[in-house]
Amino acid sequence: MTSEQRPLIMRANRLLGASLVEHNLVKLEDLEKANERLLEVIATDQTRQMTVLGVLAYEMKVVREEDLLQYLVDGEGIGLIDLRNYEIHEELRKTVDVGACWATWSVPFDREEDFTFIATAYYLSPAVRTYWEKQFGNMIVWYGTTLEILSDFLEKIETERAAPEAKPKA
């Protein structure tokens with residue numbers, strides 16, 4: 001985690017937690033416990049585990065990602081996407097800041113004309129939406145997805161970037 005990403009991680013998680021409480025998806029007491037656990041995880045510098053949603057859903061089991069996704073569809077009017085078999089737009093594959101993606105639990109995955117398509121597990125965090133709007137402007141189409149799908153997708157990007165370029169045969 002870079003020094004630039006730490007404040008983004010903290011804001012994204014803090015504001016997601018506040019939104020979850022505000023929308024009655026979790027109780028304040030549970031969020032407080034999850035925030036304590038999140039601070040422990042952040043101290044270990046395990047970027048992929050730095051998610052208050054992951055703590056709430058998978059460690060504490062006080063919210064289900066499915067319920068959050070259903071809220072996003074019903075309450076926020078955004079669609080859902082499964083990125084497991086999706087090929088990232090070539091330009092984005094090369095340029096996307098994977099550290100920022102991990103920090104915001106979001107990934108820009110496609111572009112069409114002036115629109116950028118972003119999949120996120122953190123749509124309810126205003127810090128996340130603001131961050132990506134600064135990167136791409138207001139022409140963003142948001143989609144909800146799970147932490148696992150995002151994690152797999154980001155790991156795929158990292159693997160592709162780390163692989164040596166295929167050399168043409170002579």
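Start by selecting R129 and Y123: R129 lies over the face of Y123, 4.9 Å from the ring centre. A charge counts as sitting over a ring if NZ of Lys or CZ of Arg is within 6 Å of the ring centre and within 35 degrees of the ring normal.

A word on what you have open: this is a predicted model, where local features need pLDDT of at least 70 and side-chain atom pairs count only at pLDDT 80 or more, while totals for chains, interfaces and linings use all residues. Residues are numbered from 1 along each chain as its sequence is written, and side-chain values use heavy atoms, with hydrogens and water left out.

**Next stop: the rings**

The structure holds eight aromatic pairs. Rings of Phe, Tyr and Trp (its six-membered ring) pair if their centres lie within 6.5 Å; planes under 30 degrees apart are stacked, over 60 edge-to-face, and the rest tilted. Select Y86 and F109. Their ring centres are 5.1 Å apart and their planes stand at 90°, so this pair is edge-to-face. Y86 sits in the loop between β1 (79-80) and α5 (90-95), and F109 in strand β2 (residues 106-112), so the pair ties together parts 23 residues apart in sequence. Helices (H or I, at least four residues) and strands (E, at least two) are DSSP runs, numbered from the N terminus.

Which of the two is buried and which partly exposed? Y86 is partly exposed, at 26% relative accessibility, and F109 is buried, at 2%. Buried means under 20% relative accessible area, exposed over 50%, and partly exposed in between (1.4 Å probe, protein chains only).

Now jump to W102 and W105. Their ring centres are 5.4 Å apart with the planes at 85°, so this pair is edge-to-face too. W102 is buried, with a relative accessible area of 4%, and W105 is buried at 2%.

Before leaving the rings, select Y86, F109, F117 and Y143 together: ring pairs link them into a cluster.

**Then: the cavity**

Keep Y86 selected and add E87, I88, R93, F153, K156, I157 and E160; these residues line the largest cavity. On a 1 Å grid over the protein atoms alone, a cavity is a set of points where a 1.4 Å probe fits but cannot get out, and lining residues have an atom within 4 Å of a point. The count comes to one cavity of 30 Å³ or more, and the largest has a volume of about 40 Å³. That volume is the space filled by probe spheres set on the points, which are joined across faces, edges and corners.

Where does the largest share of the lining come from? Helix α8 (residues 147-162) supplies it, with four residues. By class, the lining has four nonpolar, no polar and four charged residues. Here Ala, Val, Leu, Ile, Met, Phe, Trp, Tyr, Cys and Pro count as nonpolar, Asp, Glu, Lys and Arg as charged, and the others, Gly among them, as polar.

**Last stop: salt bridges**

There are seven salt bridges, each a side-chain nitrogen of Lys or Arg within 4 Å of a carboxyl oxygen of Asp or Glu. Select E40 and R37, whose closest N and O atoms are 3.3 Å apart. They are three residues apart in helix α2 (residues 28-43), so about one helical turn separates them. Add E59 to see a network of salt bridges linking R37, E40 and E59.

Finish with D82 and R84, where the closest N and O atoms of the salt bridge are 2.5 Å apart. D82 is partly exposed at 40% relative accessible area, and R84 is partly exposed at 48%.

Key:
On a 1 Å grid over the protein atoms alone, a cavity is a set of points where a 1.4 Å probe fits but cannot get out, and a pocket is an open set with protein on both sides within 12 Å along at least five of seven lines; lining residues have an atom within 4 Å of a point.
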